Amino acid sequence: MPKIVKREIDIAGKKLSLETGELAGQANGAVLATYGETVVLATAVSQPAAPSVDFFPLAVDYEERLYAGGKISTSRFIKREGRPSEKAILTARLIDRSIRPLFPKDYQAEVQVVITVLSVDQENDPDVLSLIAASAALSISDIPWTGPIAGVRIGRQNGGYMLNPTEEERKFSNLDLVLATSKDEIVMVEAAGQEVEEKAMFEAIEFGLKEGQTIISLIEDFTREAGRQKQSYESKKLSQEQEKKIKDFIEGEIIKDLEKPQVVQDENWFSESAQKLEEEFIKEGSEISAKHLKDILDDAVADFLRNQILTAKKRVDGRTPDEIRPITTKVGMLPRTHGSGFFQRGETQVISILTLASPALEQLIEGMSGEGTKKYMHHYNFPPFSTGEVRRLGSPGRREIGHGALAEKALVPVLPSQDVFPYTIRVVSEVLSSAGSTSMASTCGSTLALMDAGVPIKEPVAGISIGLITDKSDKSKYLLLTDIAYQEDSQGDMDFKVAGTKNGITAIQMDTKLKGVPPKMIEEALQKAKTARLNILQKLLSTIPTSREKISPHAPTVILVKIDPAKIGEVIGSGGRTINKIISATGCAIDINDEGTVTISSKDREAAQKAAQWVEGIVKEAQPGEVYEGQVRRILPFGAMVEILPGKEGLVHISKLAPYRVEKVEDIVKIGQMVKVRVTEVDDQGRVNLSMNFGQDAARQSTRERKGFSPRRFGQHDRRDRRGPPKRY
């Protein structure tokens with residue numbers, strides 16, 4: 001029987017447990033991780049890669065299971081889990097970005113890490129636990145990997161920091177920061193903030209780095225007991241003669257191209273250069289593989305860039321380290337869309353298009369923790385022509401989903417509440433040309449589109465990417481680069497994306513090719529990103545200073561009417577008769593929630609306003625003294641029934657039809673006639689009494705009533721009339 005090993009510690013008041021030896025015994029490494037009542041199983045497996053594979057084939061899969069939250073799919077036709085949700089893809093990307101830098105560069109086996117969520121307690125998100133479990137599974141496996149790393153979530157409330165806040169605590173936190181850390185460095189950062197200042201963000205990162213040490217110690221202790229000896233492997237090496245010949249060719253025929261500024265902007269340059277190298281050296285039966293050639297080319301390009309930047313402090317496209325590429329911005333480019341924004345930085349070019357719709361078109365999300373909704377969606381498209389390539393178009397990949405989610409995260413904190421702007425909002429960013437940092441260009445383009453559409457955002461948001469170049473032999477020698485172009489991203493050491501407003505940070509995403517980045521570099525990168533962000537914000541505001549006062553005439557009108565939940569039945573009517581009558585008469589779409597919010601939407605503004613007035617009229621209570629324009633619905637012997645509000649009638653007694661005596665009601669009003677009436681009384685039973693007398697007529701009638709001509713006796717002969725007995729002739 002395999003030996004079962006279990007270790008646990010207390011983290012933020014809850015037990016974190018790691019266990020191996022019982023489950024998934026055929027995997028190279030398998031760990032069952034528990035935090036609270038959230039449980040995940042992480043497995044790591046490796047196998048020799050196919051000879052044709054010319055990259056490190058690492059796959060990370062995050063498998064959500066509805067049973068983990070005690071759920072069954074609400075679909076009537078499909079009950080098993082299908083394609084991964086957006087959250088599952090984003091979590092898999094988060095883990096991938098954290099563990100990938102710690103694999104040896106020359107390790108070429110195929111590796112798959114699978115995390116299966118087995119239980120969710122609705123308090124502790126399984127994403128951070130999955131990162132810890134993946135780190136532990138790789139650490140105890142025989143797969144070469146230089147971990148462990150820790151995963152922590154940091155929240156912030158009232159100026160203090162919280163470690164691994166619960167789902168409920170996160171609702172009151174202005175920061176959601178997820179870190180992957182080694183013993184003294186940062187490996188990965190993913191953050192969403194509500195305009196968090198740079199100083200507070202860095203303090204949160206330092207706090208997370210410190211708290212992660214306990215988790216690393218746990219995994220190290222766990223590995224000492226349960227770890228397997230690491231695989232020995234040999235990387236294919238070329239002879240010195242072959243390697244020199246290849247390097248000479250690169251120096252003479254390829255590297256010289258990097259002296260041309262446009263090359264740094266070209267995503268295809270490296271692949272075209274690699275193909276040129278292959279055509280020169282790969283012969284029939286040659287032992288030199290395409291991967292070998294690409295690795296040598298990558299090292300040569302990286303060395304050239306490092307030498308240029310670290311020595312001359314000047315980038316290959318001629319910019320200084322802090323210089324941003326030229327920016328072009330436009331709004332309102334597309335006449336029929338509800339809003340559009342164009343943003344170009346260097347050769348990177350993005351157009352963002354916004355669509356407004358009724359709140360009823362919000363996105364419904366079903367997951368392990370239950371159902372939720374999204375009223376703001378950002379989608380990112382990266383077509384092949386943006387890099388000058390030809391490839392099959394299909395459904396969005398992980399990259400597209402990840403970049404779209406980052407831009408969405410950056411803008412959510414500045415969106416107006418539903419009470420202020422009751423719309424579902426969708427923004428699509430189309431990348432037209434890619435030369436580095438398209439996700440941050442999408443963020444800027446989306447800000448322009450929101451303002452162009454008349455969405456009253458609290459503050460405009462801009463984004464920038466900060467890169468890093470280090471000396472291979474001495475990491476203390478480094479240079480941070482603002483607004484990295486493609487080659488600086490591809491051959492550089494870090495991509496540090498920061499988005500925010502003039503007041504603070506709304507989103508961060510950092511990954512690195514190094515085994516970790518010291519906190520000092522992170523602090524400097526935050527300050528450089530702030531300076532660049534403020535410059536870009538000025539450019540955005542010079543194009544459109546504020547959100548437009550009116551939304552596009554092509555956008556639907558959406559009106560919210562708040563009613564007493566107890567009156568929902570009155571609006572709906574028996575069998576839906578009332579609400580269907582409103583919909584039929586106005587052509588509007590109407591939705592009512594349990595809280596009493598009635599949402600009315602229509603392409604026709606006047607129709608929406610008419611429907612809103614109709615709903616308000618149904619629930620409105622008439623008050624004495626109010627004046628209405630009503631329609632005579634019924635005529636009775638003693639008065640007329642007038643509809644003053646939709647579905648609400650009041651009685652105009654025959655004595656109140658005119659300031660003089662009326663013999664027959666029909667002498668004054670007809671059925672269907674519009675009349676002006678005044679509410680005189682609402683009795684204990686809710687019956688409304690009306691009058692058609694106004695001004696002097698009302699005063700005269702009131703005087704007559706005080707003198708004895710009360711409504712009950714009006715029209716009867718009364719000798720007590722103070723004007724004396726009838727004249728006799």
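How many helices and strands does the secondary structure of the protein come to? In this predicted model, the count is 16 helices and 29 strands. The chain has 729 residues, and 52% of them count as buried. Its C-alpha trace spans about 145 × 65 × 50 Å along the principal axes. The radius of gyration is 36 Å, whereas a compact globule of 729 residues would have one near 27 Å. Contacts reach far along the sequence. Among those between residues at least 6 apart, 70% join residues at least 24 apart.

Internal space was examined next. The structure holds three cavities of 30 Å³ or more. The largest cavity contains about 120 Å³ of space. Its lining is made up of 13 residues. Y35, D125, V128, L129 and N164 are the lining residues that lie nearest the centre of this cavity. Helix 2, residues 126–140, supplies the largest share of the lining, with four residues. By class, eight of the lining residues are nonpolar, two are polar and three are charged.

Several backbone features fall in the N-terminal part of the numbering. Most residues other than glycine have a negative phi, and most peptide bonds are trans. A24 has a positive phi of about 50°, although A24 is not a glycine. This residue sits in the loop between strand 2 (14–20) and strand 3 (29–35). Its relative accessible area is 35%, so A24 is partly exposed. Q122 likewise is not a glycine, yet has a positive phi, here of about 70°. The loop between strand 6 (110–119) and helix 2 holds Q122. With a relative accessible area of 35%, Q122 is partly exposed. A cis peptide bond occurs between G147 and P148, with omega about 10°. P148 belongs to the loop between helix 2 and strand 7 (150–157).

The loop between strand 2 and strand 3 also contains N28. N28 counts as buried because its relative accessibility is 12%, under the 20% limit. Beyond its neighbours within four places in sequence, N28 is in contact with A44, V45 and S46. Further contacts of N28 are S141, D142 and I143, together with R228 and Q231.

Helix 10 covers residues 438–452. Does its length agree or disagree with the 21 Å expected at 1.5 Å a residue? The end C-alpha atoms of the helix are 21 Å apart, so the length agrees with the span expected for 15 residues. Helix 10 is mostly covered, with 15 of its 15 residues buried. Just after this helix, G454 takes a positive phi of about 85°.

T470 lies in strand 18, which runs over residues 462–471. Is T470 buried or exposed? Its relative accessibility is 4%, so T470 counts as buried. Sequence neighbours within four places aside, T470 is in contact with eight listed partners: R306, L310, K475, K477, Y478, D493, L514 and M521. R228, a contact of N28, offers a point of reference for the position of T470. T470 and R228 are 242 residues apart in sequence, and their C-alpha atoms are 34 Å apart in space.

Y478 links this strand residue to a helix residue. Y478 is in contact with T470, and E524 also touches Y478. E524 is found in helix 12, residues 519–543. Which other residue does E524 touch, not counting residues up to four places away in sequence? That residue is L480. E524 and L480 are 44 residues apart along the chain, and 8.1 Å separates their C-alpha atoms. E524 has a relative accessible area of 29%, so this residue is partly exposed. T470, by contrast, is buried at 4%.

Key: Residues are numbered from 1 along each chain as its sequence is written. This is a predicted model: local features need pLDDT of at least 70, side-chain atom pairs count only at pLDDT 80 or more; totals for chains, interfaces and linings use all residues. Side-chain values use heavy atoms; hydrogens and water are left out. Helices (H or I, at least four residues) and strands (E, at least two) are DSSP runs, numbered from the N terminus. The expected span of a helix is 1.5 Å times one less than its number of residues. Buried means under 20% relative accessible area, exposed over 50%, partly exposed in between (1.4 Å probe, protein chains only). On a 1 Å grid over the protein atoms alone, a cavity is a set of points where a 1.4 Å probe fits but cannot get out, and a pocket is an open set with protein on both sides within 12 Å along at least five of seven lines; lining residues have an atom within 4 Å of a point. Grid points are joined across faces, edges and corners, and a volume is the space filled by probe spheres set on the points. Ala, Val, Leu, Ile, Met, Phe, Trp, Tyr, Cys and Pro count as nonpolar, Asp, Glu, Lys and Arg as charged, and the others, Gly among them, as polar. The radius of gyration is taken over C-alpha atoms; the globule rule is 2.2 Å times the number of residues to the power 0.38. Contact means heavy atoms within 4.5 Å.
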